[in-house]
Amino acid sequence: MNTDYDIVIIGAGIIGASTAYKLSVLNKSLRIAVLDKETEPNKHQTGRNSGVIHSGVYYPKDSLKSKNCIDGYHQLVKFLDEHNINYKLTGKLIAAADESEYEELHRLYENAELVGLNVEYMDASQIRNIDKSLVSPKGFFVKETGITDYKEVLNKLIEVSSFANVDFFFGQQINKVETEGSALKLTTKDRVFNSGKLINCAGLQSDRVYELVTGKKSPVTIIPFKGEYFKVDPELYSSDVPIYPVPNRDFPFLGVHLTRMIDNTLKVGPNAVLSFDREGYDGFGIDLKDAGKIIANKTLFNIAKKYSSTVISELLKHSSKTYFEQNVKKYWSEFDKSKITGYTCGIRAQATENGQLLNDFRIEKAKNQVHVLNAPSPAATSCLAIADTIIQEIEF
């Protein structure tokens, strides 16, 4: 079957669906297709998200993460209101474990003020007013934070776009891409899609899609990091306020945090452990294709050298629930490994370039194509703003 479109988007996660939605609103005459290799949505990063609506507190003012997160926060809340999707604006606490973290806590506080967020320092007694089992001596509260269910957000984006001028095709993995003049011919197992423009929002597979489409080596390589969450009894914590530790400034992960989900589930996590399978959610299996590229990536050596203590800590959090428990008890005394009632995990698509982890979003333009090559957290919060950023790169 041969089908013609103005724009084909590869990847029906929250970034791909947001871009399709924004395009359908921008120009109702555009013919848009969104292709996804999975048979249904929410199989990867969007469907395994912690549900936090982020504020942008961690990111430098002029970075893509900062610009898109702050703008995306406001756009997302408006979208949630318009479509009656359940959410709560709870604020969040960034909690220092001891005096050794005060300097970084203050740096984050100053950055939050610089980007225009509403923040307030809290002492130990104020922190205990959130919940009596919180034991941090100092922290600060960020007003612009909330919780929602990003699976519902994605489903609504697909629903609304499908009523407009967007066709979603699931179970359609691209096997071959050919260039015919200024157009692209994309072949799946049972269809051919002809398109004038292409947007790559393939997440964990974005670098491979880039190479398939352009015929060139991707400027980045995706390394997958597995993040594990433990469910605990929701009665152990009396507040809806998420609690975050002070993160390692240079390591692009926010640390093990405490989050009450919108369905009242209480989760502690995630850690950040290297995975040798980009889609290995069950156990710690090895995909030979993925493992080969990961082992050959010099970023691993640099990470081990620069963040040796952090790497060891994350491995211990994975292999030892006792060590995991000790880290959480630095700010929440009620956590006990014996009280774990369930487990979930996700895999973060972390881009690397020239042996380094990329800390900012990365969007590349190539001829009639736009490639989203690095969009980890806070991409879900930022999805509608990222869509605007992508569309700015498209020449109509």
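The following legends describe close-up views of a predicted model.

**View 1. Surroundings of Glu228 in strand β13.** Glu228 belongs to strand β13, which spans residues 221-232. The residue is buried yet takes part in no salt bridge. Lys226 provides the nearest side chain of opposite charge, at 6.0 Å; because a salt bridge requires a separation within 4 Å, this pair does not qualify. The side chain of Glu228 instead makes a polar contact with the side chain of Tyr343, at 3.0 Å.

**View 2. The open sheet β3-β8-β4.** Three strands, in the order β3-β8-β4, build an open sheet with antiparallel pairing. Its edges are formed by β3 (52-53) and β4 (87-89), each of which pairs on one side only. Strand β8 (residues 146-148) runs antiparallel to β4, and three bridges join the two. Within this pairing, Gly146 of β8 stands opposite Leu89.

**View 3. Packing of helix α2 on the sheet.** Helix α2, covering residues 64-82, packs on the sheet formed by β3, β8 and β4. The helix touches each of β3, β4 and β8. The direction of α2 makes an angle of about 135° with that of β4.

**View 4. The hairpin of β10 and β11.** Strand β10 (residues 176-180) pairs with strand β11 (residues 183-187) in the antiparallel sense, with five bridges between them. Glu178 has Lys185 in β11 as its bridge partner. Two residues lie between the strands of this hairpin. In the turn, Gly181 adopts a positive phi of about 70°.

**View 5. The hairpin of β11 and β12.** Strand β11 also pairs with strand β12 (residues 192-200), again in the antiparallel sense, over four bridges. One pair of bridge partners consists of Leu184 and Ser195, the latter in β12. Four residues make up the connection through which the hairpin joins β11 to β12. Strand β11 thus appears in two pairings, with β10 and with β12.

**View 6. Helix α6 and the residue that follows.** Helix α6 extends over residues 206-214. Its buried residues include Ser206, Asp207, Arg208, Val209 and Tyr210, together with Val213. In an α-helix there are 3.6 residues a turn, so residues three or four places apart point the same way. Just after α6, Gly215 takes a positive phi of about 75°.

Note on methods. Residues numbered from 1 in each chain as written. Predicted model: local features only at pLDDT ≥ 70, side-chain atom pairs only at ≥ 80, totals over all residues. Heavy atoms only, no water. Buried < 20%, exposed > 50% of the residue type's maximum accessible area, 1.4 Å probe, protein only. Lys, Arg positive; Asp, Glu negative; His and termini not counted. Polar contact = N/O pair within 3.5 Å; in protein donor to acceptor, adjacent residues only side chain to side chain. Pairing = 2+ DSSP bridges. Contact = heavy atoms within 4.5 Å. Axes fitted to C-alpha atoms, helices over the stretch in contact; angles between N-to-C directions.
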